[in-house]
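This report covers the nonpolar cores, the cysteines, selected backbone angles and a surface patch. The sequence and structure come first.

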Amino acid sequence: MYIRKHIHWRVIWAYSWKDVLIFLGYDTLLAVLHGPLQVRWLDVPWQLVSILGVAVSFYVGFKNSSSYNRFSEARQLWGGIVNRSRNWAMLVLGNTDPLGPVLMPAQVAAQQRLIYRHLAWVNALRLHLRRQPERWEAEVAPFLDPDESAHLQAVANPPAQLLLRQTHDLRQAAGLYTELQHRTLTEDLRELTNLQGGCERIKNTPFPRQYAFSSLVFVWLFIALLPLGLLAEFEKLGHGQYWMTIPFSVLVSWVFVTMELVGHISEDPFENRMNDVPMTALCRTIEIDLRQMLGESEVPAPVQPVEDVLL
């Protein structure tokens with residue numbers, strides 16, 4: 001996620017320099033054909049071009065709004081994961097049976113195992129959404145027993161299997177929780193399952209291609225017709241003024257293609273790109289909070305942005 005208030009021009013240029021060169025070459029060619037070569041049959045009435053521009057603006061705006069809704073929902077789901085993770089740790093560590101005996105070392109280890117497996121779950125979910133199974137050993141395995149890690153790495157949906165194992169461990173945690181507390185913890189696992197399902201729904205349901213592809217086609221159709229409508233309009237200002245078509249057409253074309261690009265890069269918020277949900281930073285936040293709840297003093301530092309991008 002890009003965190004600066006204003007986007008640096010080098011970022012904008014990196015996304016659009018190829019398109020700007022295409023606009024510049026295309027608009028210059030049409031200006032040469034219109035002026036020195038006197039090819040006037042290419043001119044298009046400006047009214048038609050302006051009507052098309054208005055229609056394309058509405059269409060691109062609809063696409064951008066829908067794309068942002070996907071990003072916003074994804075961020076809300078991960079906000080829910082952060083909150084539920086803290087709630088899970090408080091329930092695991094604080095909701096022990098008040099009438100029970102002092103916790104034995106085995107019971108303390110059981111609590112730690114439940115917390116660490118949850119840390120494995122949030123990181124496994126991140127890798128699952130980003131399609132990065134090769135990072136399992138470095139980012140998930142340290143929170144699990146070696147045998148459990150090896151088994152889960154081979155399944156199709158490791159995060160779902162981790163939640164199942166949490167359910168089994170809760171059932172075996174005899175003496176730690178009352179029946180009501182056990183039910184509350186189980187409901188928390190169910191809510192985590194729902195949050196995972198929401199993330200997978202966004203990941204596995206691509207933005208409707210009929211909207212995404214049509215938006216791209218309409219924008220480029222408008223860009224193709226734009227200089228044809230501007231040439232005659234600038235010619236009315238005086239002989240040779242048609243050359244002004246080049247800078248103004250490039251500028252307007254760049255605005256429209258950038259609008260379309262903004263919607264395109266917001267369609268899939270789990271691709272580990274600069275404008276996506278910063279799941280790595282959120283996972284680290286969860287890890288710091290939960291390990292400190294366990295009483296650990298040596299915890300990793302928060303993830304810092306790299307070139308104003310928080311992953």
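In this predicted model, the largest nonpolar core has 47 residues. Those with the most contacts inside this core are Trp78, Ile81, Trp88, Trp121, Tyr177, Phe270 and Val277. Two or more residues each come from the helices α2 (46-94), α3 (105-130), α6 (158-172), α7 (179-204) and α10 (279-293). The most is given by α3, with 12 residues. A second core, separate from this one, has 14 residues, among them Val56, Leu226, Leu230 and Phe234.

Phe270 can be followed further through its contacts, with neighbours within four places in sequence left aside. The residues in contact with Phe270 are then Ala74, Trp78, Leu129, Arg130, Cys199, Ile202, Lys203, Asp276, Val277 and Met279. Trp78 and Val277 thus appear both in this list and among the core residues with the most contacts.

Cys199, one of the contacts of Phe270, leads to the matter of disulfides. How many disulfides does the model have? The count comes to zero. A disulfide needs two cysteine sulfur atoms within 2.5 Å. The sulfur of Cys199 has its closest cysteine sulfur in Cys283, at 10 Å, so this pair is too far apart for a bond. For Cys283 the closest cysteine sulfur is in turn that of Cys199, again at 10 Å and too far for a bond. Cys199 counts as buried because its relative accessibility is 0%, and Cys283 counts as buried at 2%.

Two residues other than glycine have a positive phi: Arg131 and Asn272. Their values and places are set out below.

| Residue | Phi | Place | Relative accessibility |
|---|---|---|---|
| Arg131 | Arg131: near 55° | Arg131: loop between α3 and α4 (136-139) | Arg131: 47%, partly exposed |
| Asn272 | Asn272: near 65° | Asn272: loop between α9 (245-265) and α10 | Asn272: 24%, partly exposed |

Arg131 is partly exposed because its 47% relative accessibility falls between the limits of 20% for buried and 50% for exposed. Asn272, at 24%, also counts as partly exposed.

The last topic is the surface. Which residues form a nonpolar patch there? They are Trp13, Trp17, Leu21 and Leu24, and together they have about 410 Å² of accessible area. Leu21, one of these four, lies in helix α1 (residues 9-34). Leu21 counts as partly exposed, because its relative accessibility is 48%.

How values were computed. Residues numbered from 1 in each chain as written. Predicted model: local features only at pLDDT ≥ 70, side-chain atom pairs only at ≥ 80, totals over all residues. Heavy atoms only, no water. Patch = residues over 30% accessible without salt bridge, like charges linked within 9 Å, V, L, I, M, F, W, Y side chains within 5 Å. Areas by Shrake-Rupley, 256 points an atom, 1.4 Å probe, with all protein chains shown as cover. Salt bridge = Lys/Arg side-chain N within 4 Å of Asp/Glu carboxyl O. Helix = DSSP H or I, 4+ residues; strand = E, 2+ residues; numbered from the N terminus. Buried < 20%, exposed > 50% of the residue type's maximum accessible area, 1.4 Å probe, protein only. Core = buried A, V, L, I, M, F, W, Y, C linked by side-chain atoms within 4.5 Å. Contact = heavy atoms within 4.5 Å.
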